[in-house]
Amino acid sequence: MTKAEYSFAQKKVAYYFDASFSLLKDVVPVANTVLVTDENVFAQHKEKFEGWKTIVIKAGEEHKQQPAVDYIIGELIKLEADRKTFVVGVGGGVVTDITGYAASIYMRGLQFGFVPTTVLAMVDASIGGKNGVDVGVYKNLAGLIKQPEFLLFDYSMLRTLPNEQWINGFAEIIKHACIKDATLFSILEKFTLHDFQQDETLLADIIERNVKIKTAVVVEDEFETGDRKLLNFGHTIGHAIENMHQLLHGHAISIGMVAACNLSEQLTGLHFGEAKRIVQLLAKYHLPVDIETDDEKVFQVLRMDKKRASNEMNFILLKKIGEAVIKPIELKVLQQHLKEIL
Ligand SMILES: NC(=O)c1ccc[n+]([C@@H]2O[C@H](COP(=O)([O-])OP(=O)(O)OC[C@H]3O[C@@H](n4cnc5c(N)ncnc54)[C@H](O)[C@@H]3O)[C@@H](O)[C@H]2O)c1
């Protein structure tokens with residue numbers, strides 16, 4: 001186990017890398033702590049929860065809604081949680097997002113921490129302090145930014161993760177490589193998903209590297225006025241087609257990244273010429289790289305995106321692998337290009 005501390009605007013957050021779940025009892029007082037998890041994680045790791053007060057919520061994005069928060073608050077009342085109680089979310093991004101939110105509003109805010117249990121939650125969702133829930137079809141509409149006290153990474157929890165969730169998480173890892181880390185890109189080219197699933201040292205190294213990338217971006221720009229926006233690479237078109245085609249998030253982001261790469265190549269001035277290499281890497285990690293879609297419908301969805309400002313839209317594009325830029329693109333230029341980039 002190695003411990004690191006990162007300074008965010010309001011507090012220092014402790015990161016326990018390569019830790020065991022059992023370390024949790026040294027990080028928080030067992031008697032004064034409530035764990036929140038979902039039914040899948042609870043079923044797969046029952047023994048870890050023995051001796052802890054635990055609230056189990058329903059699994060899945062469809063339950064990342066206000067009723068889950070109400071349920072957690074009701075259970076906290078039953079458990080007589082008070083302002084000294086610690087709340088720890090043990091699960092994927094759905095659990096960490098909801099737990100951080102519920103803990104932040106119960107009695108105007110309890111201390112909380114996370115034990116992320118999916119690749120995506122480890123390298124992305126648990127980091128950065130964005131907590132909240134969806135409201136109907138609107139993703140993450142209600143929420144707040146508040147950092148956890150700590151993150152505890154126990155990579156052995158990934159042994160029970162379904163394969164499609166590994167693939168989902170690796171879409172964000174490839175995103176990090178594209179926007180920030182050319183060496184990480186080469187590492188991903190050298191190995192396969194299977195290698196990372198089999199070799200715990202390799203896995204620990206890649207997770208830790210990605211945790212540090214996301215953390216560095218957030219520490220620099222906690223309230224998303226600049227560089228944090230780069231993390232949206234592939235997400236603008238990705239979100240549009242995710243809803244239209246009911247795709248898995250990682251799949252949608254993969255197609256979105258390909259579109260953003262193609263757009264980066266087509267726009268003069270960027271001199272980007274590595275779209276093919278990125279497409280090959282995504283395909284190697286079992287991610288889709290194209291889709292049959294109605295580009296006019298995609299354009300209509302994009303027009304309503306919150307990143308649109310009057311007749312322009314901010315896109316995250318690549319100058320080269322490892323270096324991203326934010327460029328405003330005129331809607332009519334985007335409309336012309338959509339057919340070719342998707
Ligand atoms: N706060 C942020 O900055 C941020 C960033 C990215 C994503 N997110 C959010 O994260 C969510 C997606 O997170 P996710 O992909 O982790 O989804 P998830 O939490 O739904 O987990 C995916 C599935 O894996 C199961 N699972 C989790 N850990 C497991 C384990 N160790 N073994 C077996 N099964 C396990 C879950 O029960 C679920 O069925 C979305 O709601 C998204 O909005 C938040």
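A polar contact is a pair of N or O atoms within 3.5 Å; within protein, one atom must be able to donate a hydrogen and the other to accept it, and residues adjacent in sequence count only if both atoms are side-chain atoms. The model is predicted, so that local features need pLDDT of at least 70 and side-chain atom pairs count only at pLDDT 80 or more, while totals for chains, interfaces and linings use all residues. Residues are numbered from 1 along each chain as its sequence is written, and side-chain values use heavy atoms, with hydrogens and water left out.

**Exercise 1.** Find which atoms of Val-94, Asp-97 and Met-157 lie close to the ligand in polar contacts.

*Solution.* Start with Met-157, where a polar backbone atom is 2.9 Å from a nitrogen atom of the ligand. Next, Asp-97 uses an N or O atom of its side chain, which is 2.9 Å from a nitrogen atom of the ligand. Finally, a backbone N or O atom of Val-94 lies 3.0 Å from an oxygen atom of the ligand. On its own the ligand has 870 Å² of accessible area (Shrake-Rupley method, 1.4 Å probe), and the protein covers 87% of this area.

**Exercise 2.** Describe the sheet that contains strand 11.

*Solution.* First establish the order: 3 strands form an open sheet in the order 10-11-12, with antiparallel pairing (strands are DSSP runs of E with at least two residues, numbered from the N terminus, and two strands pair if DSSP finds at least two bridges between them). The edge strands, each pairing on one side only, are strand 10 (308–309) and strand 12 (323–330). Then follow the pairing of strand 11 (residues 312–320) with strand 12, which are joined by 8 bridges: Glu-312 stands opposite Glu-330, and Lys-320 stands opposite Glu-323. Lastly, look at the turn, since strand 11 and strand 12 form a hairpin with 2 residues between them, and Gly-322 in this turn has a positive phi of about 100°.

Definitions and conventions
Helix = DSSP H or I, 4+ residues; strand = E, 2+ residues; numbered from the N terminus.
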